[in-house]
Number of protein chains: 2
Amino acid sequence: MNQLKRRQVVRAGTTVEQMVRAMADMIVTGALLPGEKLDEISLAARFQVSRTPVREALRELGAMGLVDREPNRSATVANVTEAYLHSMFEAMSELEAICARLSAERMTIDERRGLEFLHRSSAKLVHAGANEEYAAHNTEFHSRLYRGAHNDHIYELVTQTRARLAPFRRAQFRLPGRLAKSYDEHDVIVTAIMRGDAVAAGQAAYAHVAIVSDASVVFATVKGE
Amino acid sequence: MNQLKRRQVVRAGTTVEQMVRAMADMIVTGALLPGEKLDEISLAARFQVSRTPVREALRELGAMGLVDREPNRSATVANVTEAYLHSMFEAMSELEAICARLSAERMTIDERRGLEFLHRSSAKLVHAGANEEYAAHNTEFHSRLYRGAHNDHIYELVTQTRARLAPFRRAQFRLPGRLAKSYDEHDVIVTAIMRGDAVAAGQAAYAHVAIVSDASVVFATVKGE
DNA sequence: TTTCCCTAGATTGCATACAAATTCGTTCTG
DNA sequence: CAGAACGAATTTGTATGCAATCTAGGGAAA
C-alpha cells in the first residue's frame, strides 16, 4: 500500500471537497485571519493542484460566508463590519434559544442524560482551569443542544452561523472567571432541559450566548482595508 | 454603442453570477422541478458558455441548498425528504416569529406605516380573488417583516430558507378561502406590530407560517428517485 | 515635491483539452 | 431466458492556456 492515490486518503472526497474542508478549518481555527488575501495561484501551489479546483473551493467558501469575493480581485478571508458581527451574535442567541427550547421538549431520555453527564464532567475542568479542554467540552455541549432540537434545518442554520462567527471569538475563555460563569450558565440550561421547562431553557440559552458575545474579543478588520 | 459585450448588459456581473441568478430563479419559480437533472454540457450549451462557469454556478447553487451534488454524478434540482421539508417549515415559523417580534420592537414609524398601508391595500385583492397579485403583495409583506427586524444576518438566514422552500409551496393560494384567511392572519401581525406588542406579533407570525405549511401542496420527489 | 498618466507585471475569468468515473447497451454464460 | 460481465459512449473532475482586468511602479507635467 505504498502508492495510494490522493483520492483514497481516509475520509477524502474530490479535490475541491478536501480543499473546502481544509480551508474552512484554517479560517475557523484562525490559521488564516480575517482580511487575509487568498490568491488562487498561491493556494494552487500550496495544495499541489491546478487553479480550477481552487476556484471552485473559493466559490463554495464564498457561498458559505467564510470568504469574501469580488469580481476580478483576490478572495479574502471573510471580514465583516461590526454591525454585521453584532447581528450574527444576536442571531446566534435567538437560534440557541430555539434549540434549547426544542431540546427541552424533544430530547430523548438518553440525550438528556448524556447532556447532563457531559456537563457535570466538565466541572473538574473548571476547577483545574483547563482552558483548551473546557473549550472542547463547550463545543460538544452546544452541538448536543443543536442536535437535541431534532430539526435538521435549524441545525444547519446554527452550525453555519457558528462557523462564521468562530474567527471572531477566539479568545473566549481567556477572561478570568469566564470558565466558572460559563459552567454556571450551562447549569441553568441543563436543569431547565432536564425538567422539560422549554421557556426557561430558551431564556437561559439566550442569555448565555449574549454574555459570550460581550465577553468575546472582537478582531475587527485585521488585514486589508 | 452597437457592440456591447455581454458583461455590460444592465445589472450583469460575471458569467457565473448571471447563471446563478438565472438558475436560482428558474428553480424558485418552478421552471426547473425538484429532482430534475442538470448536466453541465446541456447547461453550457443553453447559456452559450463553457463548462467552467457552469460548474462554478452549480457549486454555488449547491452551497445555497438549491441543487444537490454528489461526486461524479450530475447535479439535480434540490429535492428534500419530507422530514427535512418539515424541518424547514418549522424553522421558517421560528424565524418569522423572531422577525415579527423584533419588528414590533424596532421598526421605524415609516416602516410601520408602510407595512400597514401595504397590508390594507391588499384587501381589495382578496375580494377580487386576484391570486397572482396577492401572492406578490404577500411576498413583499413578508420581506418587510424580515427587514424590519433590523438584523442583517437573520435577514440572510430567513431569505435563504424561504428560497429553498419556494419550490415546495407553489400552489399556496390555490386553496379556496386561503386568501381571506391569509389576510386575516396578516392583520393580527400588523396590529400587534403597530402597537409594539412583540410577544403577540411573534406568536401570530409563528401561527401564520405554520398554517401556510399545512396549506402548502407538497411536491415530493418529482423526478429521479 | 506632488499628482496624474501610462505601461508592465501579476491575477482573475473563461475556454479548451485530457483523464477518471459512471452509465448503459450488448454479449456471453449458466 | 435471466443475469453477470465486458466495453463503448457519456459525463464529471482537473489541468492548461489565453484573454481581460487589475495593480504597482516610474516618469512627465504642474
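Here is a short walk through the structure, one selection at a time.

**Before you click**

You're looking at a predicted model, where local features need pLDDT of at least 70, side-chain atom pairs count only at pLDDT 80 or more, and totals for chains, interfaces and linings use all residues. Residues are numbered from 1 along each chain as its sequence is written, while chains are lettered from A and ligands numbered from 1 in the order in which they are written.

**Stop 1: chain A, coloured by confidence**

Select chain A and colour by pLDDT, the predictor's confidence in each residue, from 0 to 100. The chain averages 89, and 89% of its residues score at least 70. Confidence in chain A is highest in helix α3 (residues 51–64), at 98, and lowest in helix α10 (residues 198–215), at a mean of 90. Now pick residues 1–10 of chain A: pLDDT is below 50 there, and the stretch has 1 contact beyond near neighbours in sequence. (Two residues are in contact if their C-beta atoms, placed from the backbone, lie within 7 Å.) Residues 219–225 of chain A also stay under 50, with 16 contacts beyond four places in sequence. Where pLDDT is low, the predicted coordinates should not be read in detail.

**Stop 2: the fold of chain A**

Switch to cartoon view. Chain A has 10 helices and 3 strands; helices (H or I, at least four residues) and strands (E, at least two) are DSSP runs, numbered from the N terminus. Along the sequence, the pattern reads α-β-α-α-β-β-α-α-α-α-α-α-α.

Zoom in on the strands of chain A, which form an open antiparallel sheet in the order β1-β3-β2. β1 (37–38) and β2 (67–70) of chain A stand at the edges with a single partner strand each, so one side of each has no neighbour in the sheet. Strands count as paired if DSSP finds at least two bridges between them; β2(A) and β3(A) are joined by 3. Select D68(A) and you'll find T76(A) of β3(A) standing opposite.

**Stop 3: both chains**

Show chain B as well. A turn of 180° and a shift of 0.0 Å along the axis lay chain A on chain B with an RMSD of 0.0 Å, which is the relation of a two-fold axis. The superposition is by least squares on the C-alpha atoms of residues with pLDDT of at least 70 in both copies. The copies meet through the same surface, because 100% of the interface residues of chain A are also interface residues in chain B.

**Stop 4: the DNA**

Which residues are closest to DNA strand C? Select D39(A), S74(A), T15(B), S50(B) and T52(B), the closest of the 19 that surround the strand. (Near means a C-beta atom, placed from the backbone, within 6 Å.) The elements giving two or more residues here are α2 (40–47) and β3 (73–77) of chain A, plus α1 (15–29) and α3 (51–64) of chain B. The largest share, 3 residues, comes from α3(B).

Move to DNA strand D, surrounded by 20 residues, with T15(A), S50(A), T52(A), D39(B) and S74(B) closest. On this strand, α3(A) gives the largest share, 3 residues.

**Stop 5: I189(B)**

Finish in helix α9 (residues 178–194) of chain B, the place of I189(B). Is I189(B) buried or exposed? I189(B) is buried, with 27 other C-beta atoms within 10 Å. (Buried takes 20 or more such atoms, exposed 12 or fewer, and partly exposed lies in between, with C-beta atoms placed from the backbone.) Leaving out residues up to four places away in sequence, I189(B) touches A100(B), A201(B), A204(B), A205(B) and H208(B).
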